[in-house]
Amino acid sequence: MKKGLVLGLMLSALPMMAQENAAKKDANEKNVFTVVKEVGRTSIKDQANSGTCWSYSGQGFFEEELLRIGKKGYDLSEMFVVDHSYRDKARKYVRLDGHLNFEQGGSFYDVLYVLKHYGAVPRSAMMGLNYGTTKNQHNELAEVLKAYLAAVVKNPNKKLSTAWQAGFDAILDAYLGKLPETFRYNGKEYTPKTYAKELGLNPDDYVSLTSYTHHPFYEKFAIEVPDNWRWSESYNLPIDELMEVMSKAIDNGYSFAWGADVTEQGFTRDGLGVLVDLEEMNHAGSDFARWFGGTVNRFNLQKAVHRADVPEINPTQEYRQEGYDNKTLTDDHGMTIFGKAVNQNGRKFYMVKNSWGETGDYKGIWYVSENYVKGRTMNILINKNAIPKDIAKKLGLK
C-alpha cells in the first residue's frame, strides 16, 4: 500500500516537474524583450561603406532632441557635417606637419562643432553622393584626400602654396557636392545658419561624459583616442554615476549619443550586445554549461550569446581602466540610446539605434545589456538638463 502510494505521488509529480523544467528551459533560451521605457527616435539610416558613424549618430541624436521638444519630420544631412569636418581636419593636419590622425572617423563633438559654427542643412539639401552610387562609398575619397595632404606636407618649400586649400576643397566638392550656401526647404529659403537657428537647438546645452581613473573625477579632459582630433573635452564621472545619468535620462524622456567598443564577441551583427563571461561559460560543472550542453567555442559562440541566461562579466571601474590602458576598450562606433527593456529573466538592456541599415533581428535596433554599456562605453553626448542635479552640481554645470 505504501509502495503504491509513493509511486502514485511520484507519478503525479512528474507533470509538475516537467512544467518546471520546461519553464527553466524557456527562460534560458533566446532572449525575449519587453520594453520598459522608450523615447522618440527617427528612422534607421545606413552609413554603408563609410567610417561616418559619428556623424550619423550625432545627427540622429539631434533629430531625437527635436522630437523631444515637439519638432517632427527633420532629417539632417550627415554629409554636411562630414564635409566641414574634413576641411577643418585638413587645415589642422597641415599645421601639425601631418602629425594628426586623418582618417574617416570623428567624434560627437564634430557634429556639435559644425552645428554651432557652420549651421545645418536637411539631408535633401546635401546627400553627398556625387560619385555614381546610391549609398556611401568613401574609401576612394579618403585615400585621395590623404594622398593629396601627404604631398602638401612633403612640399620641400618652406612656404605653402596659395592653392592647396582650394585644391583640397575641390576634391570634396567633386565627391560630396558643394556645401550649400542657400537652399529651399518646405517652400522657404534658408542658409545653413538660419536653418540651424530655426531648429532651436542650443549647442551649449550638450556635454560629453566619460569615466576613467587616469584623470580626476568631476573634471574635464580630452579623451586620448585618435578620432578625437579636435581634442574636445569630456566630463569625467565614476562609472556608477555615469550609469545613473544614462538610466535617469531615459526615464525622463531624453535619449543620448553613445560611443562604444563593439569589438566584443558578445556584440553581434544581428541586434544583440552582451558582455559575455567566456570563463564562466566554460567552467566545468557550471549550470550554464550543463544546460547549454558543452564547451563554448568559435563555432557555437553566437548561439550561446543569444541565450537569455548567458553569463556576463560584472564590470568595475578597474575593469574599464584596464581595458582602456591595454587597448581592449577602444573607440569603435557611435550610436544613440533611446530606450530600456528587460528580457524574460529580468536582465536589463538598453535599446540602441544603429546606422547599419534595417538589418538584424530587430531591423536596425540593438538590445545591449546594462553590463555591456557599463563595461564598454567610451563616452556619451547628452543634454546637460538630463543630468541629475546632484551630479550636475559636482560637475559645475548650471
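Here is a quick briefing on a helix, the nonpolar cores and a buried glutamate. The model is predicted, so local features need pLDDT of at least 70 and side-chain atom pairs count only at pLDDT 80 or more, while totals for chains, interfaces and linings use all residues. Residues are numbered from 1 along each chain as its sequence is written, and side-chain values use heavy atoms, with hydrogens and water left out.

**Helix α5**
- Helix α5 (residues 139-153; helices are DSSP runs of H or I, at least four residues, numbered from the N terminus) has 15 residues.
- Its buried residues (under 20% relative accessible area, 1.4 Å probe, protein chains only) are L141, A142, L145, L149 and V152.
- They cover an arc of only 95° around the axis (taken from the directions from the helix axis to the C-beta atoms), which puts them on the same side of α5.
- On the face turned away from that side sit E140 and A151, both exposed (over 50%).

**Nonpolar cores**
- A nonpolar core is a set of buried Ala, Val, Leu, Ile, Met, Phe, Trp, Tyr and Cys residues joined through side-chain atoms within 4.5 Å.
- The largest one has 47 residues, and F62, Y86, F168, Y195 and L199 touch the most other members.
- Helix α3 gives this core its largest share, eight residues.
- Apart from it lies another core of 34 residues, including L242 and M335.

**E312**
- E312 is in the loop between α11 (301-305) and α12 (317-325).
- At 15% relative accessibility, E312 counts as buried.
- Its side chain reaches the backbone nitrogen of L275 at 2.7 Å.

How values were computed. Helices (H or I, at least four residues) and strands (E, at least two) are DSSP runs, numbered from the N terminus. The expected span of a helix is 1.5 Å times one less than its number of residues. A polar contact is a pair of N or O atoms within 3.5 Å; within protein, one must be able to donate a hydrogen and the other to accept it, and residues adjacent in sequence count only if both atoms are side-chain atoms.
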